[in-house]
Amino acid sequence: MLFSKKLKYSTLLALCYVMPFFLFAQKTNAQKTNDDLAKHINKIKIDELVMGTLSEVLDRFEKRYEIPFSFDRKALNKIKINERPFEARFDTYLETTLSEHRLKYVLYEGKIYVIPKSNTLEQVMRKEAVRNTHNKDTTNKAITEQIFKNVVPKKFNFTITGRVKDAETGETLPFSTVMIKGTTQGTTANADGYFILQNVPTDTSTIIGQYMGYKDLTIRLLPHLSNENIVLDLLPSSTIDEVIIEGERENLMQTNPQDISVIRLTPRSLERLPNVGEKDIMRSFQLMPGVSASNESSSGLYVRGGTPDQNLIVYDGFTVYHVDHLYGFFSAFNSNALKDVQLHKGGFDSRFGGRLASVTEITGKDGNQKQFNMGGDVSLLSMNVFAELPIGDKFTSVFAYRRSYKGFLYNSIMDKFNQNSSSSNSNQAQPTSLPNTNQTKATSYFYDLNGKMTYRFSDNHSLAWSIYNGTDKLDNSYKIETPSFLASQGANLDFSVGDLTRYGNVGTSLKWTQRWSPRFYGNVLLSYSNYYSKRDRTNNSTVTLSSGETRKVNFGTIEDNNLKDYSLKADYQYDIHTKHQLQFGAMLTNYDIKYSYSQNDTTTIISKDDQGKTYSFYLQDRIKLLDNKLQIIAGARSTYFDVTAQNYIEPRLNATYQLNKKITLKGAWGKYYQFANRVLREDILAGSRDFWVLSNGKNIPVSSSTHYIAGISHDTRDYLFSVEGYYKSLEGLSEYSLRFDGGGLNGVKYTENFFNGKGYSQGIELLAQKKGGKFNGWVSYTLGQVKHQFDVYGKNYFSAGNDVTHEFKAVGIYQWKRFDFSATWIYATGRPYTAPSGGYNIQLLDGTSQSYFSVSDKNALRLPDYHRLDLAMNYRLQNSEGSDIGYIGLSFFNVYNRTNTWYKQFQIIENNITSTNINYFGFLPNVTLSLKMR
């Protein structure tokens, strides 16, 4: 159990483990051959009291029986032994005792090595060859160099393979980096942490392993050790200080100079940022350049003018269609279940399809491979628990569950949105005007569940099953008691006002992974995803008169959206050469999407029931030229959509060129199509909503976009400066509007209107980041524009509803001892909106009149500018060994209590228009306690 903590490498261990290979050629009495040692220990019987630390016991055995041992003294000092064996065989007793503490012994070169049970001697030998670049003890470095001074290489220009793992848990680290020290040559591991590094100069080269949130690992290759299935065990970084590799550092946010428009965040460090109730990966991405942060009512990502439905979210291979909890105040992703998250802001490669704007790629945890672990978080909003359970050496699992409870923060949010929800219904008949309103207690809650089970048949073959369920139930219904004037006449009124919403996303995937050869790797994945949303706002009234006569009246609206996605896909990667990688794959997706909107229990305004399939194939080639300075990724994706019976070709190209070690030029271009869209349903008075539908090639066309991206970055040891410009054309946009048409003898009929249009988004992003030290963070500025054009609104372009002209963000994180302090400040231009400009009445043929209203030009007005300041402070909790086991956090949202407008609500009373600002939250505090076993 104690070996799950990071090993402390000392000079003594390095000498014990490595020097026998190079410094000793003769047998001595203290260092017998393996055969001699095995015969010797088989003759020994243990018949005495064995007491003390395990290191003390082994020292006594070594002295008494002349048996040389090698072990991690500091770790074994923590293991207490108090036993009385009787005539026990030495080898049996040693094996049993070590096994109880997850240890084992190995005979090598006439010595007994005591190592962790999960490790091989080869892995331990490699670890003892580590030269920690943070080690300031020059004596240790000098001794390490002396050990390798006389090592003669035997192999040249060869290939090494292996995996990058967490040293504490054994989890693989996806998309980690492996470099050859002193060169620009390196590679990136795949989603399973597997890497292949070709054309390694010699078998004494130095290899560097790197992953965000972890200490860098430097190892020396050794001629006598295998170059296949190398395991690079990286230790988590316990502080915000970053580890140096060739002058480069990592941080909470990482951008790779060779990637275009890609941002990575580590879920391990999200608690350092201010939050309201939960550390939130999606809200954290909103602090990045090019991602809008001014929409508190949605945790979805508005990336470079795109909407959340245009952002593809892939979680362990399956698509997540809805990410909001609690009216969108934070996302449905539990950070305790996440391992790695990447955001592709544009120009993404051919592996991804079906979205216009961006891709969020989420990899879930596999679970601790070495020992059981559990922990949890408690805040003023929710409770969160997780457990990691390994069984044997091949099976791992992790489960995480989170549920809200009605504390201070939850009630504040519910009260705020309930107030907004009730006020937004002002255009309907208001039962609250009747006396004796009896407000029932809300039964609202949310929860999410994550689970993942992985079975590794071998190092080359595994099977993983991942499940996810996030659900919200929001019940704001209430009843009205019988008014006194009816009760006095012997009548009874049963009046209930309904407002019940239930929405969420269920997803699962089964992934089979196979490494066919060191250069050929692939996986096949079967997935299912279901988004559902049903809102019932029907009002039911039953009046029983004194005569016994009963009258019933039902009115209101019901909205139901249900999307099912069944997918099968295969992805393969073939490393032709260290500078040439081929990727290809195929995907089949079956959509089943239903949407209905009805009113007054009798009128169905819209009803859609659509099915369709897409058949996709992609191929892309990654090439490095000019001494690895130029990287080109060229590819194409082809998708056949059976609803339109057409094939859609999506060529993609991106390239980076390193002018020198610091400056990199970037560019990307690509074509993108989207077949399932979330369409806006316009509602001028009460606020617009949206729903998922499937393109049909007619009144709902297949939408498309073309990306053009160019940029430059200047990356040094301590700072990163980046500029990226983008332009995106948009075709086949759809919007739904419910309008009234005069007709018939008795009044009004409904007409279904899907409007189609086009648009574009363009902008420039500036980023300055300090990457290391006690104080780090970043500032960013985005100048953007999103314009749409719909013929129904005229020939001119208008600002889209998500258009934000200026957006500035500043993030600062300071670490002092075990405290982390952080602050974020956000400023954004107000978003555009459409308002009614006047009301009027039309006399109908039956003598009645109908009220109508005219509106302003589309999105011609803007809300006030948005800004807020958030602060946070965390204190890291540690056990007696100095390892982090949790934290206590304080977070303050909107510190100076800025009144930011969410949207405007309008009422038309006797042809007069009144408007009300519906505002976001003011100041909100939060406290979080997080604990884990290890």
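These legends go with several close-up views of a predicted model.

**View 1. The whole chain, before we zoom in.**
Let's start with the overall picture: the protein chain has 10 helices and 56 strands. Of its 934 residues, 56% are buried. If you look at contacts with a separation of 6 or more, 67% of them are between residues 24 or more positions apart. The accessible surface of the chain adds up to about 38800 Å², and carbon and sulfur atoms own 54% of that.

**View 2. An open sheet of three strands, with a helix packed on it.**
Follow the strands across this sheet and you get the order 3-7-6, with mixed pairing. Strand 3 (69-70) and strand 6 (103-108) sit at the edges with a single partner strand each, so one side of each has no neighbour in the sheet. Strand 6 and strand 7 (residues 111-116) run antiparallel and are joined by six bridges. To find one of these, look for Tyr105, whose bridge partner in strand 7 is Val114. Now bring in helix 5 (residues 90-99), which packs on the sheet and touches strand 3, strand 6 and strand 7. The direction of helix 5 makes about 135° with that of strand 6.

**View 3. An open sheet of six strands.**
Here the order of the strands is 15-16-21-22-17-18, and the pairing is again mixed. Which strands stand at the edges? They are strand 15 (253-254) and strand 18 (318-319), and each has a single partner strand, so one of its sides is left without a neighbour in the sheet. Strand 15 pairs with strand 16 (residues 262-265) in the antiparallel sense, over two bridges. Gln254 has Arg264 of strand 16 as its bridge partner.

**View 4. Ser261, in the loop between strand 15 and strand 16.**
Stay with those two strands and look at the loop between them, where you'll find Ser261. Most residues other than glycine have a negative phi. Ser261 isn't a glycine, yet its phi is positive, at about 60°. Is Ser261 buried or exposed? Its relative accessibility is 2%, so Ser261 counts as buried.

**View 5. Asn894, another loop residue with a positive phi.**
This loop lies between strand 53 (884-893) and strand 54 (901-909), and Asn894 is part of it. Asn894 is a residue other than glycine with a positive phi, near 55°. Because its relative accessibility is 0%, Asn894 counts as buried.

**View 6. Strand 46 and its antiparallel partners, strand 44 and strand 47.**
Strand 44 (residues 775-790) runs antiparallel to strand 46 (residues 806-816), and nine bridges join them. In one of the pairs, Ser780 has Lys809 of strand 46 as its bridge partner. Strand 46 also pairs in the antiparallel sense with strand 47 (residues 819-828), this time over 10 bridges. There, Ala810 has Trp825 of strand 47 as its bridge partner. Strand 46 and strand 47 form a hairpin with two residues between the strands, and Lys817 in this hairpin takes a positive phi near 55°.

**View 7. A nonpolar patch on the surface.**
Ten side chains to pick out here: Tyr455, Phe457, Leu463, Trp465, Leu510, Leu526, Leu568, Leu588, Tyr615 and Tyr640 make a nonpolar surface patch of about 880 Å². Strand 27 (445-458) and strand 28 (461-475) are the elements that give two or more residues to it. Take Leu463, which is found in strand 28. Its relative accessibility is 31%, so Leu463 counts as partly exposed.

How values were computed: Residues are numbered from 1 along each chain as its sequence is written. This is a predicted model: local features need pLDDT of at least 70, side-chain atom pairs count only at pLDDT 80 or more; totals for chains, interfaces and linings use all residues. Side-chain values use heavy atoms; hydrogens and water are left out. Two strands pair if DSSP finds at least two bridges between them. Helices (H or I, at least four residues) and strands (E, at least two) are DSSP runs, numbered from the N terminus. Contact means heavy atoms within 4.5 Å. Axes are lines fitted to C-alpha atoms, for helices over the stretch in contact, and angles run from 0 to 180 degrees between N-to-C directions. Patches are made of residues with over 30% relative accessible area and no salt bridge: like charges are joined within 9 Å, nonpolar side chains (Val, Leu, Ile, Met, Phe, Trp, Tyr) within 5 Å. Accessible areas come from the Shrake-Rupley method with a 1.4 Å probe; for residues, only the protein chains shown count as cover. A salt bridge is a side-chain nitrogen of Lys or Arg within 4 Å of a carboxyl oxygen of Asp or Glu. Buried means under 20% relative accessible area, exposed over 50%, partly exposed in between (1.4 Å probe, protein chains only).
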